[in-house]
There are 4 protein chains.
Amino acid sequence: MNSFGRIFRISLFGESHGEGVGIAVDGCPAGLRLAAEDFSGDLKRRQSGARGTTGRQEADHPLIWSGLRKQTTTGMPIMIFIKNKNVRSRDYDPLRYFPRPGHADFVAWHKFGGFHDSRGGGQFSGRMTVALVAAGVIAKKILGKVRIRAALIEVGGSRDITKTVNQALREGDSIGGLVECRAEGIPVGLGEPFFDTAESLLSHLVFAIPGVKGIEFGSGFACSRMTGSQCNDVILSRSGRTKTNHAGGIHGGLTNGNELVFRVAFKPPASIPKEQDTIHVLTGKSAKIRIRGRHDACLALRTPVIVEAVTAIVLADLMLLEQKIPRVLE
Amino acid sequence: MNSFGRIFRISLFGESHGEGVGIAVDGCPAGLRLAAEDFSGDLKRRQSGARGTTGRQEADHPLIWSGLRKQTTTGMPIMIFIKNKNVRSRDYDPLRYFPRPGHADFVAWHKFGGFHDSRGGGQFSGRMTVALVAAGVIAKKILGKVRIRAALIEVGGSRDITKTVNQALREGDSIGGLVECRAEGIPVGLGEPFFDTAESLLSHLVFAIPGVKGIEFGSGFACSRMTGSQCNDVILSRSGRTKTNHAGGIHGGLTNGNELVFRVAFKPPASIPKEQDTIHVLTGKSAKIRIRGRHDACLALRTPVIVEAVTAIVLADLMLLEQKIPRVLE
Amino acid sequence: MNSFGRIFRISLFGESHGEGVGIAVDGCPAGLRLAAEDFSGDLKRRQSGARGTTGRQEADHPLIWSGLRKQTTTGMPIMIFIKNKNVRSRDYDPLRYFPRPGHADFVAWHKFGGFHDSRGGGQFSGRMTVALVAAGVIAKKILGKVRIRAALIEVGGSRDITKTVNQALREGDSIGGLVECRAEGIPVGLGEPFFDTAESLLSHLVFAIPGVKGIEFGSGFACSRMTGSQCNDVILSRSGRTKTNHAGGIHGGLTNGNELVFRVAFKPPASIPKEQDTIHVLTGKSAKIRIRGRHDACLALRTPVIVEAVTAIVLADLMLLEQKIPRVLE
Amino acid sequence: MNSFGRIFRISLFGESHGEGVGIAVDGCPAGLRLAAEDFSGDLKRRQSGARGTTGRQEADHPLIWSGLRKQTTTGMPIMIFIKNKNVRSRDYDPLRYFPRPGHADFVAWHKFGGFHDSRGGGQFSGRMTVALVAAGVIAKKILGKVRIRAALIEVGGSRDITKTVNQALREGDSIGGLVECRAEGIPVGLGEPFFDTAESLLSHLVFAIPGVKGIEFGSGFACSRMTGSQCNDVILSRSGRTKTNHAGGIHGGLTNGNELVFRVAFKPPASIPKEQDTIHVLTGKSAKIRIRGRHDACLALRTPVIVEAVTAIVLADLMLLEQKIPRVLE
């Protein structure tokens, strides 16, 4: 299902090399001031341009086709469409029958009987996330005092990010990374005990971002190595402030009012210039491929704002459900 | 929402110290042979009894109240109820106004205005998972040739599990652990590109299990430290078999036919005999607590079968959606 | 799917001649006072006993197995189970291969490959509605000042209800009826323009009641014979009070603050003592059947409270969505 | 929620006088041949032009922005956008504070705090249905041998449709109508016992069409005046063919293989040239209005194809759920 959310609900469509990418945002309160300029900051943060990102550069101008009047939301679905312009689909012709290792090519071929749009990865492409970022802008605006900030904290296991990216580029290779997201100002009690815990919903949407292979909240995997007396966060005040934050701001699946903290592991992008082995998808014969197209050597460079966006989308939905955000804003 | 799934759909209810715990399994195909005995193996695996698990022992006899006739599913919701018998709620009286560090007590108090059933953790309790395991038994049966197996691979960071648990017990403390789940025989193409990737759905349900703080698929967090040429799984055959399995059997969010592999980090249980600091929830005054009740020192010992259950539930749902399992079994 | 609702969400299970019938009510606010006695009034209104209703009489004592503590809702799913006691399944043995005309027997056989529980109509039975009525009691309580009242206004096309029922009984036949439901005190603006209009949601749940073949809001079918100047309801005040109420309290799919009015057509029950033609479901050979069991000659006599219940359930869900009911009641 | 369906799932957006109207169709099988020309027949049937329909004429050219490659569906969401061109929003300026009797103006004002796009009725407009018809075209194509046909059978209570419409036009008034829909070739067993009966789902979506005030299946309201021996449809063959069809092809909420038959009552359009009474929405002062805009005097003339569309959408969803349509077409 290409939709997510219960009240603040997004529906995604589009392909990497099709007409464009779009998202319908349903359930946004009426009365929110919203202009095309509001999107530019976050869309720019997601764009390529830095060393280690794809040579494909898109203007990413969001067209808002519904749900807005006089720069104010009407309470109806907000449809945002972002055209694809800088497309070079011919790069993908040689790949049609040769699935890229580590990519969705093979599974897409099987699931859709060969009818899938394979150009640029179709709907499996990181290109799709431009629409998530746009929806995130709206979510952030209705979240009010909640502040979300994600950052790339490691590339290829190193904190010297520039050096690591350059080395991957030199070797015709790509590199993974680690993104940390923090959010403050979240009320106590967002999420449901079973099955819609804050962690369940956040991880659900985080794993929709292409390239994610792991997520951990608070001290995460390190918690599995702790004792209870080390890991338990002692409560200091009636507002729920804790001494430590091993839980990452979530107890029993519900937000506890402390800073929300989680980390996301991005694998290296699958498309690399280096020669690789694969097979012909129909005959099964071994083959060598070199992927030409334009690709990110380090996708993680562009992902912090995407992680922020999905966080904002989940929080907006939960706050509407808990009636912490009204259906009509003044 | 206390429901999960699109076709094979579960709804959970109950509390740790209430009448019992139950689950309704909707969308199960008709014609499946099912008897009370089918549940005993997995329910036993989840039970306490081993050193390091709670002193509360429950018979866990599943009462099947609908959806079955002549030991065969009818196609209607299967309602399973498991009574609570070995309950000692008085253990919780002293805790009523003193939230346990690391536990849901504080957030539950806020979310439900003090009306929450706090005895034994109410619906936040690990007790709830007995119903997930029961639903997992049904899911496993309809999965046919798919084999799922989870195991505890680390406790407190160590592979010497017995020793580590004993040490925690001696110190009046608890300890976390790491569970690995593997599944074979999964068809290519389960999951949807956005937003219902196999990873999204699995993590959604895994984070419903109390105590989970992290999940990673395949090489997971280690992928963030790799290059593409290291991490990409080269395809060897038309069936999609790969040379390595860094992806854990999922490419582009869809199963790729290789072994599904993921690891789950469990934090140490919050309830420990050791004295801890907390506050009075109404006055905010500092206090010391000693938790008496009966609790798991190492919950992770009992969780592999729960992780299997949620895996089976997600796979059953996806296979019904992809028409890999018929609506009526012969 | 045996669930309905977005926030106030019900999940139904059980069979007519199985262990019993149950419903899980998810999303009910915490802090609502609720006792077993609260159910007795509405459950009694649904019971048989009157002339023209089935000889099967059930005590209908609701067992509440979760979600309640000290007679107050906890915010967690409320599971209500009502046992079947007065069951005479042998009445159904002769019918196993002979589908009753007008009944679900034939379609159930096909859909569930013969595995369906055919005793007493299984989950197609009017017996299931006892659980809807129980959920309706909870919904009514949280609706506060909204008052819902349904009544049987016609039987067999006549307002002399006693006479018409007696005649049907004399002839070994059954008879249909018309139920009208009215609700006052509803706020303006419940429902969504597309696709969750108040009419869409109400009709969705009304058609879940066995035997319903039609629904109309306000002047309904008569509107199709009117002109706009006759049918338009002129607004008289800022609160939205209208001069006429041809719309039945719903404009553009949203409640308009006037009385909600709709009528529901119930067909005559399919099970009648009179001899009828049918076929053998496997061989296709013609046959004659006489249905012995115990059945309602006029089901509509028992349905007003069921129509009220589904109305309350829909309104409770919409009012929670619109934040007209808080998540925690004081 | 502006989405509907479980597998074949539609999401609607747009406004009458905004950029246009669009629909995303999710869950459509891959491999379906689809061209812009496929839409022209049904879109034309919905268009105005006949006497009694609005003077606003739109080309209704469907732009397909995703989910299609080489005129074949890819298995991904199909996004269809239809631009608004022939818009005269100034007609609505005088109406801003004066809600039209019988229209959504008043409720929209309240629900959305005055932020709603009131031009042309915004998302409450019949204009929205152009997107439903487009989605219906896709649904019809995947339904294969199922044939759906709706027709206007009465206008203003009369079968002389031309005469009745002309009279309404002469009087500066509008008129209601009755649409009957029939579908053949439907397999036995579509729908679920509770709560997703075929009648529940069809009525849910039918009541999304603006102007609908009633629906009845088979003999519908007439069933409430029948006896069981009159109303029961005797089964004649193993395939389920019945002698009569009072049930309209649905028994126990499931399709029974006979012709699906239902009728839909459309009220007269609210916007009429005749002078009408209303109030100022802020001050509550009485006022007279004359509605200029361009409106249908008899909306029902344009609705049969819309009723067909929603029927096709519901049937496609149920057939995918029952695995009667594969996920990849050959």
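Q: Which residue of chain C comes closest to the rotation axis?
A: That's C:Ser11, with its C-alpha at 3.8 Å from the axis. This is a predicted model, where local features need pLDDT of at least 70, side-chain atom pairs count only at pLDDT 80 or more, and totals for chains, interfaces and linings use all residues. Residues are numbered from 1 along each chain as its sequence is written, while chains are lettered from A and ligands numbered from 1 in the order in which they are written.

Q: What turn lays chain C on chain B?
A: A turn of 180° with a shift of 0.0 Å along the axis, giving an RMSD of 0.0 Å (least squares on C-alpha atoms of residues with pLDDT of at least 70 in both copies). That is how a two-fold axis relates things.

Q: How many residues of chain C are in contact with chain B?
A: 36 residues of chain C, against 36 of chain B; contact is when C-beta atoms, placed from the backbone, lie within 7 Å. Strand 2 (9–14) and strand 3 (20–26) are among the elements of chain C that each supply at least two residues to that side. Strands here are DSSP runs of E, at least two residues, numbered from the N terminus.

Q: Why do the copies meet through the same surface?
A: Because 100% of the interface residues of chain C are also interface residues in chain B.

Q: Switching over, how many residues of chain B are in contact with chain A?
A: 84, with 84 residues of chain A.

Q: And how does strand 10 of chain A run to strand 10 of chain B, parallel or antiparallel?
A: Antiparallel, joined by 3 bridges (strands pair if DSSP finds at least two bridges between them). One of the partnerships is A:Glu216 with B:Gly214.

Key. Contact = placed C-beta atoms within 7 Å. Helix = DSSP H or I, 4+ residues; strand = E, 2+ residues; numbered from the N terminus.
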